Amino acid sequence: MLAIMPLSNWLCIHPSSATTDISDTVSLDNRGLAYGDGFFTTMGVIDGQILWLAHHQQRLVSHAEALQLELDNHSIMAIIRTHAEQLQQGMLKLMVTRAVQDVRGYGYVPTASGSACEIWLKSSAMTVTTTEQLRLPDGCLIPMQPISSAICLSSQLACLPPPLAGLKSLNRLDNVLASGELQGIKAQVSEDNIKPSIGEGLLRDMSGRWVEGTMSNVFYQLSEQQSSKPASHLEINKNDPNYLDQGQWYTPSMAKSGVAGVMRQVIIDALSGTEQPVIVRSLQEEDLPHLSKLFFCNALRGIMPMSRLTLLSGEVVRF
């Protein structure tokens with residue numbers, strides 16, 4: 001359960017003072033607004049500490065390099081830590097955009113001025129309550145959400161060139177449309193009082209591969225990889241400490257589409273030293289009827305286990 005409190009205003013932490021409120025003075029020439037020229041990361045904060053800080057820091061470094069943005073990583077992290085201490089519990093959203101350019105239209109010159117950026121930060125007080133946390137093999141604890149169901153969506157993700165694939169860029173129109181489709185389905189399910197509730201939608205890209213959720217990455221197991229013990233709801237219960245230790249987990253590649261999420265990498269890293277590390281493998285249409293376990297994940301909600309997946313045909317695959 002996420003109880004969201006009133007949101008703060010956006011602050012410009014670079015190049016302006018970190019205490020300057022610029023929520024009413026954003027230029028219409030801002031590159032993020034005009035072209036989606038930038039990226040963002042969303043960080044959970046508990047007891048004044050940023051969750052998965054090293055992974056978010058790596059995102060800043062890798063994304064700035066991919067988009068040719070000049071970013072002072074150390075000073076930004078110092079500012080973020082200060083805001084986290086003030087917030088104590090909630091969410092920080094950091095958005096980086098390329099500075100306004102003299103070049104007309106889309107273009108920019110990859111020089112000092114062309115690589116300059118504007119950095120914005122927003123903090124939201126948020127009470128994060130989960131009845132259980134799951135302990136990863138490396139000892140880290142992550143939230144485990146209640147079991148829900150998933151549905152395949154007709155919306156599709158764009159296939160991107162290598163420099164952009166996997167980035168959490170500001171261009172998220174495909175996710176916006178997919179989320180709109182999911183919300184419409186949820187509203188109908190709620191009106192019809194259908195159980196269990198739908199927690200997430202599964203998305204494919206333009207090549208037909210199933211890649212991720214509307215706001216999350218996906219991990220799955222295939223029936224042929226399961227032991228002779230049949231799958232049951234007990235095996236995906238949030239109280240099961242061995243949930244990630246049992247069976248071979250796969251996750252789709254982000255090489256052509258999707259976002260390489262922080263929680264996705266946390267799980268891959270945590271299982272890398274076990275007997276069955278995560279295998280990056282495409283999730284094809286023909287795989288769906290043979291799924292035996294499925295969960296979505298993101299940095300704020302942790303793991304979201306699913307008990308069933310409704311296919312585009314209307315067939316229901318139960319786990």
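Which helix gives the most to the lining of the largest pocket? That is a good place to start with this predicted model, and the points below go on from there to salt bridges and rings.

1. The answer is helix α4, residues 173-192, which contributes six residues to the lining of the largest pocket. The pocket itself has a volume of about 960 Å³. Its lining is made up of 37 residues, and those nearest the centre are Thr 42, Lys 168, Met 215, Asn 298 and Leu 300. If you plan to look at the chemistry of this lining, it divides into 15 nonpolar, 13 polar and nine charged residues.

2. The second largest pocket holds about 400 Å³ of space. Here the lining counts 23 residues, with Gly 36, Leu 67, Leu 164, Ser 169 and Asn 171 nearest the centre. Helix α4 turns up again, giving the largest share of this lining with three residues. By class, the lining residues of the second largest pocket are eleven nonpolar, seven polar and five charged.

3. Now for the charges: the model has three salt bridges. In one of them, Arg 31 pairs with Asp 37, and their closest N and O atoms are 2.9 Å apart. Asp 37 also meets Arg 98 in a salt bridge, at 2.7 Å from N to O. Asp 37 sits in the loop between α1 (31-35) and β3 (38-46), while Arg 98 belongs to strand β5 (residues 90-98), so this pair ties together parts that are 61 residues apart in sequence.

4. Are the members of these two bridges buried or exposed? Arg 31 is buried, with a relative accessible area of 4%. Asp 37 counts as buried at 10% relative accessibility, and Arg 98 counts as buried at 2%.

5. Arg 281 deserves a look of its own, as it appears in two kinds of contact. It forms a salt bridge with Asp 287, where the closest N and O atoms are 3.0 Å apart. Arg 281 is partly exposed at 26% relative accessibility, whereas Asp 287 is buried at 9%. As for the other bridges, shared partners join Arg 31, Asp 37 and Arg 98 into one network. Arg 281 also lies over the face of Tyr 250, at 5.5 Å from the ring centre. A lysine does something similar elsewhere: Lys 93 lies over the face of Phe 40, at 4.8 Å from the ring centre.

6. Turning to ring pairs, the structure holds six aromatic pairs. Take Tyr 243 and Phe 295: their ring centres are 5.9 Å apart and their planes meet at 55°, so the pair is tilted. Tyr 243 lies in the loop between β12 (217-222) and β13 (250-251), and Phe 295 lies in strand β15 (residues 291-298), so the pair ties together parts that are 52 residues apart in sequence. Both Tyr 243 and Phe 295 are buried. They also belong to a cluster, in which ring pairs link Phe 219, Tyr 243, Trp 249 and Phe 295.

7. One last residue to find in the viewer is Ala 54, in helix α2 (residues 53-66). Ala 54 is exposed, with a relative accessible area of 56%. Its C-alpha atom is separated by 10.0 Å from that of Val 266, a residue 212 positions away along the chain.

Conventions: Residues numbered from 1 in each chain as written. Predicted model: local features only at pLDDT ≥ 70, side-chain atom pairs only at ≥ 80, totals over all residues. Heavy atoms only, no water. Phe/Tyr/Trp six-rings, centres within 6.5 Å; stacked < 30°, edge-to-face > 60°. Helix = DSSP H or I, 4+ residues; strand = E, 2+ residues; numbered from the N terminus. Buried < 20%, exposed > 50% of the residue type's maximum accessible area, 1.4 Å probe, protein only. Lys NZ or Arg CZ within 6 Å of the ring centre and 35° of its normal. 1 Å grid on protein atoms, 1.4 Å probe; cavity = no way out; pocket = protein on both sides within 12 Å on 5 of 7 lines; lining within 4 Å. Points joined across faces, edges and corners; volume = space filled by probe spheres on them. Nonpolar A, V, L, I, M, F, W, Y, C, P; charged D, E, K, R; others polar. Salt bridge = Lys/Arg side-chain N within 4 Å of Asp/Glu carboxyl O.
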